[in-house]
Amino acid sequence: MTLSQAETFSGAAGRTAATPRRTTGWRRWRFALGLLLPVGLAVVWELAVRGGLAQGRLLPPPSRIAETLYALARSGELAPHIAATLQRIAAGFALGVVAGTALGALSGASGLARAIVDPTLQGLRAIPSIAWVPLFILWLGIFEASKVTLIAVGVFFPVYLGTLGAVMAVDRKIIEVGQVFLFSGPTMVRRILLPAILPHYVTALRAGLGLGWMFVVAAEFMGASEGLGYLLLDGQQLGKPDQIVAAILVFAVLGKTTDTLLLTLTRPLLKGYDLDA
């Protein structure tokens, strides 16, 4: 087997979880099709409220939610909340990815490390996010450290599991090919292992990012004075369902935007794959 054949084989090893690349025409329509369901539901609910079929008191119509978002943005209140949440997500995601990747790669490459580390991590993974809150407050206080740590915990487990599974799924034959060509450790990782695990790893990053957005809500309930989670709590305490739904919609838009950004940044590394969802 030649070196080029080995690299082709290593790339093929990671394609089991990837979907076939869709046509360019389908790509053009995918964004519009993705908007069809939420926009359709919004229109139906707006018409139901305006037609008197529903009160819209606990679930406000889209027009009222849009007015709330506009008022928050115009007053300058919305931007600081979004910025605070994004900063926490960025810091927590970075910490969770680094820790999850390191331990996942170690456990995947070493049976001894897996036997020592994995049972404990699997037990910790079953702990609900809210259960960490009092402990982190006790250890780290109610300021940014506890919030970022909680988000990092949420990101860590999907990244750890995805990296572990990706490393363990690498075909040993391609590693033997690298050994035949006398690849050094860094060269083996760059030329053989990374092409094989990248599709699975990017999927793990997406899962970690999604869970990070879920954990940030619990994090911002811990005495935060700004952030989208604070807007949720403030809306609940003051009886403002329009503010609650508005904050939820902003969460959805930011979550989808960051997921798309992650895919865009990693797409050059995943030629031949289509991980869009």
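Visitor: Which residue forms a salt bridge with Arg88, with the closest N and O atoms 2.8 Å apart, and lies in helix α7?
Guide: This is a predicted model. In it, Arg88 sits in helix α4 (residues 78-109), and its partner sits in helix α7 (residues 144-168). The closest N and O atoms of the pair are 2.8 Å apart, and the partner of Arg88 is Glu144.

Visitor: How many residues apart in sequence are the parts that Arg88 and Glu144 tie together?
Guide: Arg88 forms a salt bridge with Glu144. Arg88 belongs to helix α4 and Glu144 to helix α7, so the parts tied together are separated in sequence by 56 residues.

Visitor: Is Glu144 buried, partly exposed or exposed?
Guide: Buried means under 20% relative accessible area and exposed means over 50%, with partly exposed in between. Glu144 has a relative accessibility of 39%, so Glu144 counts as partly exposed.

Visitor: Is Arg88 buried or exposed?
Guide: The cut-off for buried is under 20% relative accessible area. Arg88 has a relative accessible area of 3%, so Arg88 is buried.

Visitor: Which residue of helix α9 forms a salt bridge with Arg88?
Guide: The closest N and O atoms in this salt bridge are 2.8 Å apart, between Arg88 and Glu220. The pair links distant parts of the chain, 132 residues apart, with Arg88 in helix α4 and its partner in helix α9 (residues 185-220). Both partners are buried. The residue in helix α9 is Glu220.

Visitor: Which residues are linked with Arg88 in a network of salt bridges?
Guide: Arg88 forms a salt bridge with Glu144, and Glu220 forms a salt bridge with Arg88. The residues linked with Arg88 in the network are therefore Glu144 and Glu220.

Visitor: Which residue meets Arg50 in a salt bridge?
Guide: Side chains of opposite charge can pair when their charged atoms come close. The partner of Arg50 lies four residues away, about one turn of the helix, and both are in helix α2. The N to O distance is 2.5 Å, and the partner is Glu46.

Visitor: Is Glu46 buried or exposed?
Guide: Its partner Arg50 is exposed, with a relative accessible area of 63%. Glu46 has a relative accessibility of 12%, so Glu46 counts as buried.

Visitor: What is the area of the nonpolar surface patch that includes Val39?
Guide: Val39 is in helix α2 (residues 24-50), and at 46% relative accessibility Val39 counts as partly exposed. The patch is made by Phe31, Leu35, Val39, Val43 and Leu47, and its area is about 490 Å².

Conventions
Residues numbered from 1 in each chain as written. Predicted model: local features only at pLDDT ≥ 70, side-chain atom pairs only at ≥ 80, totals over all residues. Heavy atoms only, no water. Patch = residues over 30% accessible without salt bridge, like charges linked within 9 Å, V, L, I, M, F, W, Y side chains within 5 Å. Areas by Shrake-Rupley, 256 points an atom, 1.4 Å probe, with all protein chains shown as cover. Salt bridge = Lys/Arg side-chain N within 4 Å of Asp/Glu carboxyl O. Helix = DSSP H or I, 4+ residues; strand = E, 2+ residues; numbered from the N terminus. Buried < 20%, exposed > 50% of the residue type's maximum accessible area, 1.4 Å probe, protein only.
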